[in-house]
Amino acid sequence: MSIISLFGGIFCRETSLTNKIVEETGYQLIRDIDIVNEASRISGIPSNKIERSFSAKASVFNKFTHEKERSIAHLKLVLAEKISQDKIVIEGFSGLLLPQSLNHVLRVCLIADMKSRITLAMEKDSISENEASKLIRKTDEDRSAWIKRLFNKNDPWDSSLYDAIIPTDKMHDKEIISLILEVMDKDALKFKESTKKSIEDFKLAVQIESELTREGHNVDVTSIDGKITLTINKNVLMLSRLEEELKNAASKIPGVKSIETRVGPEFHQADIYRKYDFEMPSKVLLVDDEREFVQTLSERLLMRDMGSAVAYDGESALELIKEDEPEVMILDLRMPGIDGIEVLRKVKETQPEIEVIILTGHGSEADREVCMGLGAFAYLHKPVDIDLLSETIKKANEKIQSNRA
């Protein structure tokens, strides 16, 4: 039983080579999109958000929602089931989630020099040299970020991560396929009894990891013969309470023999451990050009376990909601450039599911009528009582959850 994991840069003939490898070996092809869709089905996280895990840029709300971590945990869960199958080719980012302890996985990197990649991009996409260069560098950024996250290495083509690095601009297809088949035939990549144990350990670890993410936690999980190690990489004020909660959650998974918790190398950094509370609003966008006011407001909401991001003008807010999809927006009316009423109108035209709370110090009764007519959830005046604002945000969040249900 063998697995081939293919990863590389775009415009390295990766798609055509993958298809030829599948044809030559008769293996089943599994692409990132297949794993993403299955992970979406079992987790309830939209597939486009899971796919964003492969992007270098995380959502501004991720430190509150752990959406990237939850997505990766469920990608691993799907992979753990896939590797029970015989003879598969995994193409893309997902294959790198397989632990190095799985000796029957052939890890192949397909890459070419920048000049040949740019030339191929210009031919295939009919774009200029400058456009091709930007496109390739952007996708390479995503690959670098993925490698940094998984292995703490800066080079996505680092030779220590692969069994074979193949320069696709210097080898013909037949040579590449012949090389892969030759490496596959080596004893080091044969399925062994120890491989079976490694697969079982991987499955148990990802089951625990996904269970912990479902309860809002974000920790690293490893398993050796059912002995579980939970690593906490963020500073926490009440460590013993968190350790007890993690152990109680992990112990529910069949196959766990023992559980040990430890702090990781990043534990003593400034970032604070935050358990994701699924009942509390964690994707609140604050839009106001009064910087000191809005930063203070963000801190006060965080003290009430509400996660927020800040935009200082209407243009920035509209750009941010395209990428990060806030659930609740706190919006000032008087801002330079696009004013609050126009932002509200555009938001309700493009993403009506976002609940908008107007918070203004200069609005009139006529403004209130316009805003409520455009679909605002509430209209509040500055200075606002923080408890009233918090309660209004919670009610807006409850409406969102009810609509989804």
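## Where H9 meets H10

Ile208, Glu211 and Leu212 on the H9 side meet Leu246, Ala249 and Ala250 on the H10 side. This is a predicted model, and in it the axes of helix H9 (residues 193-214) and helix H10 (residues 239-250) come within 9 Å of each other, crossing at roughly 120°. That angle makes H9 oblique to H10. As for handedness, the crossing of the two helices is right-handed.

## The chain as a whole

Stepping back, the protein chain has 15 helices and 13 strands. Take its C-alpha atoms along the principal axes and they fill a box of roughly 75 × 60 × 40 Å. The chain has 405 residues, and 50% of them count as buried.

If you're thinking about contact maps, look at the pairs at least 6 apart in sequence: 70% of those contacts join residues at least 24 apart.

## Strand E10, from Ser308 to Ala311

Strand E10 covers residues 308-311, and Ser308 belongs to it. Ser308 is buried, at a relative accessible area of 8%. So what does the side chain of Ser308 make a polar contact with? The partner is the side chain of Ser298, at 2.8 Å. Ser298 also turns up among the contacts of Ser308 beyond four places in sequence, together with Phe61, Phe64, Val284 and Leu286.

Ala311 sits in E10 too, and with a relative accessible area of 4% this residue is buried as well. Setting aside residues up to four places away in sequence, Ala311 touches Leu285, Leu286, Val287 and Asp288, plus Ser316 and Ala317. For a C-alpha to C-alpha distance, try Ala311 and Leu331: they are 20 residues apart in sequence and 9.7 Å apart in space.

## Helix H12 and its buried face

The buried residues of H12 are Gly314, Ala317, Leu318, Leu320, Ile321 and Asp324. Looking down the axis, you'd find these buried residues within an arc of 165°, so they line one face of H12. That buried set packs against strand E9 (284-287), E10, E11 and H13. Ala317, one of the buried residues of H12, is also one of the residues that Ala311 touches.

Now for the two ends. At the start of H12, a side-chain oxygen of Asp313 gets to within 3.2 Å of the backbone nitrogen of Glu315. After the helix comes Glu325, with a positive phi near 45°.

## Helix H13, inside and out

H13 spans residues 340-350, and its buried residues are Gly340, Ile341, Val343, Leu344, Val347 and Lys348. Why do they end up on the same side of H13? Their arc around the axis is only 160°, which puts them there. Glu349 and Thr350 are exposed, on the face turned away from the buried side of H13.

Which elements cover the buried residues of H13? The cover includes helix H12 (314-324) and helix H14 (365-374), along with strands E11 (328-331) and E12 (355-360). At the N-terminal end, Asp339 acts as the cap of H13, with a side-chain oxygen 3.3 Å from the backbone nitrogen of Ile341. Ile341 is itself one of the buried residues of the helix.

Note on methods. Residues are numbered from 1 along each chain as its sequence is written. This is a predicted model: local features need pLDDT of at least 70, side-chain atom pairs count only at pLDDT 80 or more; totals for chains, interfaces and linings use all residues. Side-chain values use heavy atoms; hydrogens and water are left out. Buried means under 20% relative accessible area, exposed over 50%, partly exposed in between (1.4 Å probe, protein chains only). Helices (H or I, at least four residues) and strands (E, at least two) are DSSP runs, numbered from the N terminus. The arc is that of the directions from the helix axis to the C-beta atoms. Contact means heavy atoms within 4.5 Å. A polar contact is a pair of N or O atoms within 3.5 Å; within protein, one must be able to donate a hydrogen and the other to accept it, and residues adjacent in sequence count only if both atoms are side-chain atoms. Axes are lines fitted to C-alpha atoms, for helices over the stretch in contact, and angles run from 0 to 180 degrees between N-to-C directions. Angles under 35 degrees count as roughly parallel, over 145 as roughly antiparallel, 65 to 115 as roughly perpendicular and the rest as oblique. A crossing is left-handed if the near helix is turned anticlockwise from the far one by less than a right angle, and right-handed if clockwise.
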